[in-house]
Amino acid sequence: MNEKQRVNRKKLNKSLDKLFLILGFSVTLLALGILLTLILDIVQDGWGRLNLDFLTHFPSRKPQEAGILSAWVGTLWIMTLTSVIAFPLGVMAGIYLEEYAPQNRITNLIEINIANLAGVPSIIYGLLGLGLFVRFMHMGRSVISGGATLALLILPMIILSTREALRAVPFSIREAAYAIGATKWQTVRHQVLPSALPGIMTGTILAMSRAIGETAPLIMIGALTYIAFLPAPPLQSQFPFLHLNGLFDPFTVLPIQIFNWVSRPQKGFFEDAAAGIIILLGIAFLMNAVAIFLRTRYQKKIRW
Amino acid sequence: MILLRSRSLVREKCVEGALFLSALLSIFTTLGIISILIFETYEFFKKVSIFDFLTDRQWTPMFVDKHFGILSLFAGTFLTTLIAMVVAIPIGLICAVFLSEYASNRMRTYVKPILEILAAVPTVVYGYFALLFVTPLLQKLIPDLAGFNALSPGIVMGIMIIPIISSLSEDAMHAVPMSLREGAYALGATRLQVALRVVLPAALSGITASLILGISRAIGETMIVAVAAGQQPRLTLNPLVPIETVTAYIVQVSLGDTPAGTIEYQTIFATGMSLFGVTFLLNILSYKLKKKFREAYE
């Protein structure tokens, strides 16, 4: 290679480098542009249908009169049950694996298992819910079957984020607690867990924001696509005021209602679907924003 | 004093036991999935031979003339997954290299979470987008494209998977020690040369793990294909015609009223079993690769 070739080669490499800078920037911009297009397209389609009636009406055969009352009430039920079941179980499992578990084969097996469960397609959880809760345990195609199924689905995510939050608490905190005579559980309960709580909450909210959009597993366990009544409300005017028979009522949720409208041939229902999506995306993005806010706020506040 | 200590010791043991049981729940979940799938699949194979299941070229469990050839469903899954990866791998990797090697710290901290929103959008929303935005758009370019097809949901699925690949690959590249890059720069390499010849090979197992995870997500993805790909099981690689994937079939059966114990009911568990098997192998492979990468650099 003579001097001239070497100089040319160097120039070529430099321009390739520049070229990739432009390529990388435009591809990243393209990906962001697609996200923007998606949101704009949906807002444009559905904005006209968004009004108070849309929130207070049951689904209907006429697109102009259809609403998402049964859908958002169902979503509220499912989300409440899912978090009530999954949060304590997930946090407890996370504490065990991070603070208590000995280095042995059972621990190793549990860890591989959780990593694998996090990657199992959600529709498989639907089959589990159908076989286990609906059929085997005779809980029926009910709110409680749906909540339990989604709880199993997000459990791995909560466990993983709990472990990550616990790992971020410095070891010196634990040593200080032990030094003044605290037992292991006292240390975890009063020192480690409170410091890790913001991280755990962030992970849990993110997991819930995923659960709120889940459609397939709830279709599997038989959530109905057309439903014109609500589960019995938990608070009633008669004694004993708290009634849980609503747990065993059939239900629908927002994403299933959207799916139902998208699958219909009439154009009017597409607008209903888009309006439903605006609300679903709104809730999901809000949850993500809260999670990010929690993370940045407490990252700044706590300095070890 | 001794009484007090022994009482708190009992409490410690109880707490530890309860925590251990919640951790064990994940094992029971897996066992539950496997035993339910095996139980119903066993019932299914009492009526249909495994040989037919694996070799028959038609899937028509709802017809009078019943055929149970899973290949037609897996052809749909394979086709949409292939299209998704053709979209997601180049875009995801270019984004990852750009964010890790070219972008400023500030840009990375803003762009990465925004990209990750793409993975947080509910999949039924992507189904809407594929059916009512992407398909009509593609039909202007390809007049032969059917209203339901593999191409449009495949592309949209690829868009959904971009952040899985870009974020996880970027994490892997970011973890490559700075000293390796500095060595190459000292020899006069450009950023592109450093990225392609030093960072990419060093982060390869982490990047491969992200690709496998992306493939596994594509295979298990349900709502996009259920909305936009059609319901016609077909042994084809033509992306322009309606097809049906394994997951979309399971949804189709669940939407109808199929009583437990019937052959239609059992088909969803048999197909689900195949799906679980494939994604299980991919997930384990991805886990091992990721672990190997962590051992190398931490």
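**Architecture of the predicted two-chain model**

Chain B has a mean pLDDT of 90, with 97% of its residues at 70 or more. The structure is a predicted model, and its scores are ipTM 0.90 and pTM 0.90.

Chain B contains twelve helices and zero strands. Its order of elements from the N terminus is accordingly α-α-α-α-α-α-α-α-α-α-α-α. For the 298 residues of chain B the globule rule gives a radius of gyration of 19 Å, whereas the value computed from the model is 24 Å; because this is well over the rule, chain B is more spread out than a compact globule. The C-alpha trace of chain B extends over about 75 × 70 × 35 Å along its principal axes.

The domain assignment splits chain B into domain 1, residues 2-47, and domain 2, residues 70-297. A distance of 33 Å separates the C-alpha centres of these two domains of chain B. Their contact involves seven residues of domain 1 of chain B and eight residues of domain 2 of chain B. On the domain 1 side of this contact in chain B, three residues are nonpolar, one is polar and three are charged.

Chain A is likewise divided, with domain 1 covering residues 14-49 and domain 2 covering residues 52-301. In chain A the C-alpha centres of the two domains are 31 Å apart. Six residues of domain 1 of chain A contact eight residues of domain 2 of chain A. The side of domain 1 of chain A that faces this contact comprises two nonpolar, two polar and two charged residues.

Within chain A, helix 3 runs over residues 69-100. The end C-alpha atoms of this helix of 32 residues lie 46 Å apart, and this agrees with the 46 Å expected because each residue should add 1.5 Å. Helix 3 of chain A nevertheless has a bend of about 25° at A:Ala86. A proline, A:Pro88, follows A:Ala86 within four residues.

The interface between the chains brings 67 residues of chain A into contact with 71 residues of chain B. On the chain A side, the largest share comes from helix 1 (residues 3-46), which supplies 17 residues. By class, the chain A side of the interface has 48 nonpolar residues, 14 polar residues and five charged residues.

Methods:
Residues are numbered from 1 along each chain as its sequence is written. Chains are lettered from A and ligands numbered from 1 in the order in which they are written. This is a predicted model: local features need pLDDT of at least 70, side-chain atom pairs count only at pLDDT 80 or more; totals for chains, interfaces and linings use all residues. Domain bounds come from an automatic or database domain assignment. Two residues are in contact if their C-beta atoms, placed from the backbone, lie within 7 Å. Ala, Val, Leu, Ile, Met, Phe, Trp, Tyr, Cys and Pro count as nonpolar, Asp, Glu, Lys and Arg as charged, and the others, Gly among them, as polar. Helices (H or I, at least four residues) and strands (E, at least two) are DSSP runs, numbered from the N terminus. pLDDT is the predictor's confidence in each residue, from 0 to 100. The expected span of a helix is 1.5 Å times one less than its number of residues. The bend at a residue is the angle between axes fitted to the seven residues ending there and the seven starting there. The radius of gyration is taken over C-alpha atoms; the globule rule is 2.2 Å times the number of residues to the power 0.38.
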